[in-house]
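Q: I am new to this structure and would like a close look at a single part of it. Could you take me through that part slowly, and then through what lies around it?

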Amino acid sequence: LRAYYPSGPPGEVVTRERRFRGRTSVVRRLNHKIPRMLWEISAHPGREFLDCSGSLGILAEVAVDLGKKVTCWESSGPLSAFVRWRMEGRKRPVRVITGPFDGETLDRQYDLILALDCREWASSPQANVAYLYRHLEKGGRLLLLSDYYPPTNIAPLEAGCATREVQSWLLQQGAVNLTRLEANWSLWRKP
């Protein structure tokens, strides 16, 4: 990290960055877990991309490199500061917003929304997905992803990537599930 940013990142985020060992490691790890994810991001013709729970900004950086207009949304002020700092250092035009994942934070529609581990920080996972879905353009893709693998390590508010209630709600809205239900991710298209 210091090789990229000799002045050091803001706040206490350094330890989290070390855990992943940089962009290549994270992209390789996620591409292994979800081989279709990077393809969906690059192949979708829409440009507006929301990285919900952007954390370190690595996927935001990848999406910019794939030609997307990126907004990175983080609920934590220190993490948002880190993403801003990282994007400025790497000269990537990423809009960073901070606010609760179940609040009225978003101000536009998106073609692609990646929700990475943000639902467990919201007061209601279903309300969080409903909020994201309202901000998804017609024909847009919503990728729900969680690092929690049932039946061990289940987050208190979420079992897998989409609880039965969340899946049922999405289907009632007419969303089309583009994946067979996996333990830790699902991809939805808004008709």
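A: What follows begins with one buried glutamate, moves to the elements around it, and ends with a pair of helices.

The model is a predicted one, and the place to begin is Glu-74, which belongs to strand E2, a strand made of residues 69-74. Although glutamate counts as a charged residue, Glu-74 has a relative accessibility of 5%, and because buried means under 20%, Glu-74 counts as buried.

Once neighbours within four places in sequence are left aside, the residues in contact with Glu-74 are Ser-53, Gly-54 and Ser-55, then Leu-79 and Ser-80, and finally Ile-97, Thr-98, Gly-99 and Phe-101. One of these partners, Phe-101, sits in the loop between strand E3 (94-98) and strand E4 (110-116), and Phe-101 is itself buried, with a relative accessible area of 2%. The C-alpha atom of Phe-101 is separated by 10.0 Å from that of Ser-76, a residue 25 places away along the chain.

Two other partners of Glu-74, Leu-79 and Ser-80, are listed with the buried residues of helix H5, together with Phe-82, Val-83, Trp-85, Arg-86 and Met-87. Helix H5 covers residues 77-89, 13 residues in all, and spans 18 Å from its first C-alpha to its last, which is close to the 18 Å expected at 1.5 Å a residue. Just after H5, Lys-91 adopts a positive phi of about 55 degrees.

Helix H4, made of residues 58-65, is mostly covered, with 7 of its 8 residues buried. Those buried residues are Ile-58, Leu-59, Ala-60, Glu-61, Val-62, Ala-63 and Val-64. Just after H4, a positive phi appears again, this time of about 90 degrees and at Gly-67.

Further along the chain, the axes of helix H6 (residues 125-134) and helix H7 (residues 164-172) come within 9 Å and cross at roughly 30 degrees. Since angles under 35 degrees count as roughly parallel, H6 and H7 are therefore roughly parallel to each other. Their crossing is right-handed, and the contact is made by Pro-125, Gln-126, Val-129, Ala-130 and Tyr-133 on the H6 side and by Glu-165, Val-166, Trp-169 and Leu-170 on the H7 side. Sorted by class, the contact of H6 with H7 has 7 nonpolar residues, 1 polar residue and 1 charged residue.

How values were computed:
Residues are numbered from 1 along each chain as its sequence is written. This is a predicted model: local features need pLDDT of at least 70, side-chain atom pairs count only at pLDDT 80 or more; totals for chains, interfaces and linings use all residues. Side-chain values use heavy atoms; hydrogens and water are left out. Helices (H or I, at least four residues) and strands (E, at least two) are DSSP runs, numbered from the N terminus. The expected span of a helix is 1.5 Å times one less than its number of residues. Buried means under 20% relative accessible area, exposed over 50%, partly exposed in between (1.4 Å probe, protein chains only). Axes are lines fitted to C-alpha atoms, for helices over the stretch in contact, and angles run from 0 to 180 degrees between N-to-C directions. Angles under 35 degrees count as roughly parallel, over 145 as roughly antiparallel, 65 to 115 as roughly perpendicular and the rest as oblique. A crossing is left-handed if the near helix is turned anticlockwise from the far one by less than a right angle, and right-handed if clockwise. Contact means heavy atoms within 4.5 Å.
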